[in-house]
Amino acid sequence: MTILIIACGVLAAGFFAGLVWLLLLKADLRQMRNKLTAITKTDTNAQLTTKTFDKNAAALTQAINEMLRQNRQNFVELQCTETTLKRAITNISHDLRTPLTAARGYLQMLASADEETKARYIETIRSRMENLSVQMDGLFEFAKIIEGSAPINIQPVNVANILRDVLSEAYIELERKHFTVKTNIPSQPSIHQADPEALRRVLQNLIKNAYVHGHELLEISLTAGKIKITNKTEGPINTKHLFDRFYTADASRSNKNTGLGLAIAKELIGRMNGQITARAEGGMVTVEVELR
């Protein structure tokens, strides 16, 4: 009889403990639901908490908090993307409208100009249209690269030869801008895996960026598959955004630069399984390309 009474007492205690646990869990879930509703309605970094010791409730709370964190991160990234897109649309509109507006103005003045002035106006119009063509080509090239319609054919290439060729192509412009050019390019072959045309385009963009935004000095070296291009700068450069699409160091965009050259370079290097970085120090900017 005593054993039966003890057994009944144990069962009653267990039942009571289970009932208390269920009531606490129910209250905890209600509190979590209310807090989750408040979090979704307000811009807050609050997280859910649980007062029970149930491992399933703790795991659920952790999963919901991770989902909230990811949603906040996605929202921030979306806002940044939207801001970048708005800025890009504004910049593109400006870049395309400016040469067209100038050309239209000169066309209107042609009718009343003398022959010498007409020739000068026509040359100005030609220059504006050429600039517009460059802008459109850059946008078209970038669109092709992003959508993947520009194929990448990785093969062994002599990086030293390509670097020398691109540098020789830029010689006239570097001479015109009075650059002192220092090079350290090995005479022996430097063979690495890359797409030769894509690599050529990357180096063209990097060297052009150096003489457009830099002055006086350009240093180029190639060591063990790592290309370094260093130039003096005429002002502070935000290397954090240097490879962003449509970013340009010239806030007025007076240099007729779309800000796509380095973005194209980064995209192409990434598709060749390489890496491109930039740093600024002591009035100098160094861009490093590493081919893997």
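Helix H6 lies across strands S4, S5, S6 and S7 (284–290), and runs at about 150° to S4, where angles are taken from 0 to 180 degrees between N-to-C directions of lines fitted to C-alpha atoms, for helices over the stretch in contact. Helices (H or I, at least four residues) and strands (E, at least two) are DSSP runs, numbered from the N terminus. The model is predicted, with local features requiring pLDDT of at least 70 and side-chain atom pairs counting only at pLDDT 80 or more, while totals for chains, interfaces and linings use all residues. Residues are numbered from 1 along each chain as its sequence is written, and side-chain values use heavy atoms, without hydrogens and water.

H6 itself covers residues 196–213, and its 18 residues reach 26 Å from first to last C-alpha, close to the 26 Å expected at 1.5 Å a residue. At its start, a side-chain oxygen of Asp-195 comes to within 3.0 Å of the backbone nitrogen of Glu-197. The buried residues of H6 (buried means under 20% relative accessible area with a 1.4 Å probe, protein chains only) include Leu-199, Val-202, Leu-203, Leu-206 and Ile-207.

The sheet beneath this description is an open one of 5 strands in the order S2-S4-S5-S7-S6, with mixed pairing, two strands being paired if DSSP finds at least two bridges between them. Its edge strands are S2 (180–184) and S6 (275–281), each of which pairs on one side only. S2 and S4 (residues 214–223) pair in the parallel sense over 5 bridges, and Val-181 stands opposite Leu-218 in S4. Helix H4 (residues 159–169) also packs on the sheet, touching S2, S4 and S5 (226–233), with its direction at about 165° to that of S4.

The largest nonpolar core, a set of buried Ala, Val, Leu, Ile, Met, Phe, Trp, Tyr and Cys residues joined through side-chain atoms within 4.5 Å, has 42 residues, and among those touching the most other members are Leu-199, Leu-206, Leu-218 and Ile-227. H6 gives the most to this core, with 8 residues. Counting contact as heavy atoms within 4.5 Å, and leaving out residues up to four places away in sequence, Ile-227 touches residues including Leu-163, Leu-203, Val-287 and Glu-288.

Glu-288 lies in strand S7 and is buried, with a relative accessible area of 12%. Its side chain makes a polar contact with the side chain of Arg-279 at 2.6 Å; such a contact is a pair of N or O atoms within 3.5 Å, and within protein one must be able to donate a hydrogen and the other to accept it, while residues adjacent in sequence count only if both atoms are side-chain atoms.

Note on methods. The expected span of a helix is 1.5 Å times one less than its number of residues. Buried means under 20% relative accessible area, exposed over 50%, partly exposed in between (1.4 Å probe, protein chains only).
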